[in-house]
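Biologist: I have a model open on my screen and would like to learn how to read it. Could you take me through it step by step?

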Amino acid sequence: MTETKTRARPAAVALTPNAEERIAKLMMSAPEGAIGVRLSTPRRGCSGLAYSVDYVTEEQKFDEKIETPGGIFYIDGASVLYLIGSTMDWVEDDFAAGFVFENPNAKGACGCGESFTV
């Protein structure tokens, strides 16, 4: 009889240290009742899907859960397939700050960077 072995699967989205640090800062100033932040891909913009990061007040059954040093990061269950293999970073310069995504599933994006297609 052979033994079945299970191994942990990698997270759908890799977080850079800057992204983890930003999640920690968000959680330090989170509204009462927030248990983490969630990444989702709502239909929006001229290319179809957009990235959205919001506070979470309760876990959803199919969300992927990633524990970071500063708080829990959730990935919306319906969005996971669009995000597998992505990297999420937090970038700041003199004029702008925001989460930036490197998504190997994105086939195109609109000119303003608001949305992407898969």
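Modeller: Happy to; we will go from the overall fold to a helix, a hairpin and one side chain. Please keep in mind that this is a predicted model.

Biologist: Which helices and strands does the protein chain have, and in what order do they run?

Modeller: The protein chain has two helices and 11 strands. Starting at the N terminus, the order is β-α-β-β-β-β-β-β-α-β-β-β-β. Of its 118 residues, 36% count as buried. Contacts tell you about the fold too: among those between residues at least 6 apart in sequence, 50% join residues at least 24 apart.

Biologist: And what does the protein chain expose?

Modeller: About 7,800 Å², of which carbon and sulfur atoms supply 51%.

Biologist: Let's turn to helix 1. How do I check its length against its residues?

Modeller: Use the rise of 1.5 Å a residue: the 12 residues of helix 1, 17-28, should span 16 Å, and the end C-alpha atoms are 17 Å apart, so the two agree.

Biologist: Which residues of helix 1 are buried?

Modeller: Start with the general idea. An α-helix has 3.6 residues a turn, so residues three or four places apart point the same way. In this structure, the buried residues of helix 1 are A19, I23, A24, L26 and M27. They cover an arc of only 160 degrees around the axis, which means that they sit on the same side of helix 1.

Biologist: What does the face turned away from that buried side carry?

Modeller: That face of helix 1 carries the exposed residues P17 and M28.

Biologist: Now strands. In which sense do strand 8 and strand 9 pair?

Modeller: As general background, the side chains of a regular strand alternate between the two faces of the sheet. Here, strand 8 (residues 86-92) and strand 9 (residues 97-102) pair in the antiparallel sense, over six bridges. A hairpin of four residues joins strand 8 to strand 9. To find your place, look for V91, which stands opposite G98 in strand 9.

Biologist: Just past there I see N103. Is N103 buried or exposed?

Modeller: N103 lies in the loop between strand 9 and strand 10 (108-109). Its relative accessibility is 11%, so N103 counts as buried; the cut-off for buried is under 20%.

Biologist: What does the side chain of N103 contact?

Modeller: One partner is the side chain of Y51, joined to that of N103 by a polar contact of 3.1 Å. In addition, a polar atom of the N103 side chain lies 3.0 Å from the backbone oxygen of Y82.

Note on methods
Residues are numbered from 1 along each chain as its sequence is written. This is a predicted model: local features need pLDDT of at least 70, side-chain atom pairs count only at pLDDT 80 or more; totals for chains, interfaces and linings use all residues. Side-chain values use heavy atoms; hydrogens and water are left out. The expected span of a helix is 1.5 Å times one less than its number of residues. Buried means under 20% relative accessible area, exposed over 50%, partly exposed in between (1.4 Å probe, protein chains only). The arc is that of the directions from the helix axis to the C-beta atoms. Two strands pair if DSSP finds at least two bridges between them. A polar contact is a pair of N or O atoms within 3.5 Å; within protein, one must be able to donate a hydrogen and the other to accept it, and residues adjacent in sequence count only if both atoms are side-chain atoms. Contact means heavy atoms within 4.5 Å. Accessible areas come from the Shrake-Rupley method with a 1.4 Å probe; for residues, only the protein chains shown count as cover.
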